[in-house]
Amino acid sequence: MTLILITGMPGVGKTTIVRNLGLELQKRKIPLDGFYTEELRNASGERSGFDIVTFDGKRAPLARVSDTTKNSRDRVGKYAVCVAEFESVALPALNSRSANLLLLDEIGKMEMKSKSFAERMLQITDGVARGGIFFVATIPLKATLDIVERLKRTKNAQLFHVTATNRNQIHRDILEATVRMIGKQL
C-alpha cells in the first residue's frame, strides 16, 4: 500500500487529523513533506478564508471571502482563491525530494484552481501507482474531481471515513496505517 485517503463531511476533523499526524511523525523523526489547510475567522467568528501551512512552518493564503466578481474563474462560492500565493508555498512543499512521504490536506476545488497543482497531483498519482511515493491525503466526501476519483481507484488504496463518532479513535488507526505503509515500527 502506498496511498491513504481520508474523507468525511466538512468540519468533522480531517484537517486536525492530518495536522496531528504530521506532528506525530515529525516527533518520530519520520521525514515528510506537504501541507494542511487552516481556517481563518474574523473578529465576529465568521469564516473569512483559508491558509495553507507546510509542515516546516511556511504559510500562504489559499482563499479569502470576496464580494467582487473579478477573476470569477478563480472563485469557489464566496471565496476568491489566491492562486499565485498558494502556488508559491504549496508547490515547493510538494516538489521537495527530502521525503518519500507526502501529507496533504486537501485535494479540493480551491486547490484545483491551480493548474500547476493539478499537474503535480497527476505526477504524484503516477508516483503512487508505481510505488515510489507514500501519500496521505484528505479528499472531499461529495465533490467529484477527476484526480480524486483516480486516486480512489488506485490499487491497494486505503480509505478512512471520518465521522463525529469515530474521529477520536480514527486518528490512531490512520497513524498506525501510515507507519505500516512506510515500513516503520510504532
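**Contacts, cores and backbone of a predicted chain**

Biologist: Which residues does C82 touch, not counting residues up to four places away in sequence?

Modeller: This is a predicted model, and in it C82 is placed in the loop between β6 (79-81) and α2. Once residues up to four places away in sequence are set aside, the residues that C82 touches are P61, L62, A63 and R64.

Biologist: Is C82 buried or exposed, and what distance separates its C-alpha atom from that of F50?

Modeller: The relative accessibility of C82 is 14%, and because buried means under 20%, this loop residue counts as buried. Along the chain C82 and F50 are 32 residues apart, and the separation of their C-alpha atoms is 9.7 Å.

Biologist: How many helices and strands does the chain have, and in which pattern do they follow one another?

Modeller: The secondary structure comes to five helices and nine strands. Reading along the sequence, one finds the order β-α-β-β-β-β-β-α-β-α-β-α-β-α.

Biologist: What is the radius of gyration of this chain, and what does the globule rule give?

Modeller: The C-alpha atoms fill a box of roughly 50 × 35 × 30 Å along the principal axes. For 186 residues the globule rule gives 16 Å, so the chain is as compact as a globular protein of that length, its own radius of gyration being 16 Å.

Biologist: What share of the contacts with a separation of 6 or more joins residues 24 or more positions apart, and what share of the residues is buried?

Modeller: Among contacts with a separation of 6 or more, residues 24 or more positions apart account for 64%. Of the 186 residues in the chain, the buried share is 48%.

Biologist: How much accessible surface does the chain have, and what part belongs to carbon and sulfur atoms?

Modeller: The accessible surface comes to about 9700 Å². The part of that surface belonging to carbon and sulfur atoms is 48%.

Biologist: How far apart are the mean positions of the positive and negative charges?

Modeller: The chain carries 29 positive and 20 negative charges. Taking the mean position of each set, the separation between the two is 3 Å.

Biologist: Which residues touch the most other members of the largest nonpolar core, and which helix gives the most to this core?

Modeller: The largest nonpolar core holds 33 residues, and those touching the most other members are I107, M121 and F135. With six residues, the element that gives the most to this core is helix α2 (residues 83-95).

Biologist: How many residues make up the other core that lies apart from the largest one?

Modeller: Among the members of this other core are V12, F55, I174 and V179. The number of residues in that core is 25.

Biologist: Where does L3 lie, and what is the separation between its C-alpha atom and that of V128?

Modeller: L3 is placed in strand β1 (residues 3-8), and because its relative accessibility is 1%, it counts as buried. Beyond its neighbours up to four places away, L3 touches residues including V128, F135 and L151, while F135 in turn has contacts that include T2, I4 and M181. L3 and V128 are 125 residues apart along the chain, yet their C-alpha atoms are separated by 6.7 Å.

Biologist: Is D74 buried or exposed?

Modeller: D74 is found in the loop between β4 (59-65) and β5 (75-76), and, neighbours within four places aside, D74 is in contact with Y79, A80, V81, V83 and K113. Its relative accessibility is 9%, so D74 counts as buried.

Biologist: Is R41 buried or partly exposed?

Modeller: R41 belongs to strand β2 and, with residues up to four places away left out, touches E46, R47 and S48. Its relative accessible area is 47%, which lies between the limits of 20% and 50%, so R41 is partly exposed.

Biologist: What is the phi of K29, and what is that of N156?

Modeller: K29 sits in the loop between α1 (14-27) and β2 (33-41) and is exposed, with a relative accessible area of 72%. N156 sits in the loop between α4 (146-152) and β9 (158-162). Neither residue is glycine, and phi is positive, being near 65° for K29 and for N156 near 65°.

Biologist: What is the omega of the cis peptide bond from D105 to E106?

Modeller: E106 is located in the loop between β7 (101-104) and α3 (115-130). The bond leading to E106 from D105 is cis, its omega being near 10°.

Methods. Residues numbered from 1 in each chain as written. Predicted model: local features only at pLDDT ≥ 70, side-chain atom pairs only at ≥ 80, totals over all residues. Heavy atoms only, no water. Helix = DSSP H or I, 4+ residues; strand = E, 2+ residues; numbered from the N terminus. Buried < 20%, exposed > 50% of the residue type's maximum accessible area, 1.4 Å probe, protein only. Rg over C-alpha atoms; globule rule 2.2 N^0.38 Å. Contact = heavy atoms within 4.5 Å. Areas by Shrake-Rupley, 256 points an atom, 1.4 Å probe, with all protein chains shown as cover. Lys, Arg positive; Asp, Glu negative; His and termini not counted. Charge placed at Lys NZ, Arg CZ, Asp CG, Glu CD. Core = buried A, V, L, I, M, F, W, Y, C linked by side-chain atoms within 4.5 Å.
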